[in-house]
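Work through the following exercises with the coordinates open, and attempt each task before reading its solution.

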Amino acid sequence: MGLVRRVGAYGVLWDGERVLVVRDGVGGEFPGVWRLPGRAVAHAEHPEHAVVRAVAEQAGLTVAVGRLRAVVADVTSYPEGVSLHTDRLFFELTQRDGGLGGGSPGGGLVDRIEWLTLAEAAGLSLTPFTAEMLGLPVTPLPPGTHRPDLSFPPPHPDRRLRFGAYGLVTDPAGRILLTQIADGYPGAGLWHLPGGGTDHGEQPTTGLLRELVEEGGQLGRVVELLGVDNLHNPAALGPEGRPLDWHGVRVIYRVLVDVPTDAVVTESAGGSTARAGWFTRAEAVDLPLSDIAALAIGQSGR
């Protein structure tokens, strides 16, 4: 079975007690099913830009992006042996213009737009991720709901998409756990946040806690979703031995290790992590940090 990965960005937009939802048309992923507005993230595109573009295209509204509310993953099987894993990011939105949207936009991707109360939305056929984000009962879609002829173009030989989950990991004393990138990998020698790419079918928090054990030998618990970082490197040189056009979407969580132990890199971490260590915030300031580590611990200058 061919394993395909994709990232989607969606928005939760309220007008008083009503939330904006759209219904997929014949050309959509879920024909006849209602969902939050959103779309697949294009190569190199920031997820925040993708959700703004999606709401403009699907509902004719201009919005501003607020906090990242949740990230979930799901897997759908399609004919010809394709297993599609989608990491879906959900942002809180605010409206910038005075329009209300609603009605029928025409075209095949979306055929209806509505502002609905939760009680009204509960009576519709909703995608499971939409019901979950709205706090409504989640009901699996019946077989055959997904668009059967969804096309999957062959992967670009020089492009890569990597979805990763990373943690600002601290212990009760306030120390920060960092990992050093090994030689032969982009950013070699820099101190980095624990975490990495998630596996096919794996939820982001599950992948992060797995990486925490592999890269630092720690058992932690996720306590907060901090945000998302977008990385595009059109000529990343890694173990493949040739430059590749990498697009990385990296969600960042706050993780607490209640009972810290000595930081140890296990064999299952692979070759990308040279070592790990606990540092006070003052010590971390003097380390050469990766961009995402600097951002997460407040040393990026933002």
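**Exercise 1. A core residue and its surroundings**

Task: Which residues does Val71 touch, not counting residues up to four places away in sequence?

Solution: The model is a predicted one, and the contacts listed here are computed from it. Beyond the excluded stretch of sequence, Val71 touches Arg88, Leu89, Phe163, Pro204, Leu225, Val251 and Tyr253. The next step is to place Val71 in the largest nonpolar core, which has 34 residues, and where Leu68, Val71, Leu89, Phe91, Val251 and Tyr253 touch the most other members. A second, separate core comprises 20 residues, among them Tyr10, Val21, Phe129 and Leu134. As background, nonpolar side chains tend to be buried together in soluble globular proteins.

**Exercise 2. Salt bridges across the sequence**

Task: Find the salt bridge between Glu29 and Arg6, and state which parts of the chain the pair ties together.

Solution: Begin with the distance, which is 2.8 Å from N to O between the side chains of Glu29 and Arg6. Then locate the partners: Arg6 belongs to strand S1 (residues 2-15), whereas Glu29 lies in the loop between strand S2 (18-24) and strand S3 (34-35), so the pair ties together parts that are 23 residues apart in sequence. Finally, consider accessibility, where Glu29 has a relative value of 13% and therefore counts as buried, the limit being under 20%. In total, the structure holds 23 salt bridges.

Task: Carry out the analysis for Asp245 and Arg159, which also form a salt bridge.

Solution: The closest N and O atoms of Asp245 and Arg159 are 3.9 Å apart, which falls inside the 4 Å cut-off for a salt bridge. Asp245 is placed in strand S13 (residues 243-256) and Arg159 in strand S8 (residues 159-170), so this pair ties together parts that are 86 residues apart in sequence. With a relative accessibility of 16%, Asp245 counts as buried, while Arg159, at 41%, counts as partly exposed.

**Exercise 3. A buried acidic residue in a loop**

Task: Is Asp171 buried or exposed, and with which side chain does the side chain of Asp171 make a polar contact?

Solution: First, Asp171 is found in the loop between S8 and S9. Its relative accessibility of 5% is under the 20% limit, and Asp171 therefore counts as buried. The side chain of Asp171 makes a polar contact with that of Arg175 at 2.7 Å. Leaving out residues up to four places away in sequence, Asp171 also touches Leu256, Val257, Pro260 and Trp278.

**Exercise 4. Two further loop residues**

Task: What is the phi of Ala44, and where does Ala44 lie?

Solution: Most residues other than glycine have a negative phi. In Ala44, by contrast, phi is near 75°, a positive value in a residue other than glycine. Ala44 lies in the loop between strand S4 (38-40) and helix H1 (47-59), and at 26% relative accessibility Ala44 counts as partly exposed.

Task: Where is Pro186 placed, and which residues is Pro186 in contact with, leaving aside neighbours within four places in sequence?

Solution: Pro186 occupies the loop between strand S9 (176-181) and strand S10 (191-192), and Pro186 is partly exposed, with a relative accessible area of 46%. Once the neighbours within four places in sequence are set aside, Pro186 is in contact with Ile181, Leu237 and Gly238. From C-alpha to C-alpha, Pro186 and Val33 are 42 Å apart in space, and 153 residues separate them in sequence.

Notes
Residues numbered from 1 in each chain as written. Predicted model: local features only at pLDDT ≥ 70, side-chain atom pairs only at ≥ 80, totals over all residues. Heavy atoms only, no water. Helix = DSSP H or I, 4+ residues; strand = E, 2+ residues; numbered from the N terminus. Buried < 20%, exposed > 50% of the residue type's maximum accessible area, 1.4 Å probe, protein only. Core = buried A, V, L, I, M, F, W, Y, C linked by side-chain atoms within 4.5 Å. Contact = heavy atoms within 4.5 Å. Polar contact = N/O pair within 3.5 Å; in protein donor to acceptor, adjacent residues only side chain to side chain.
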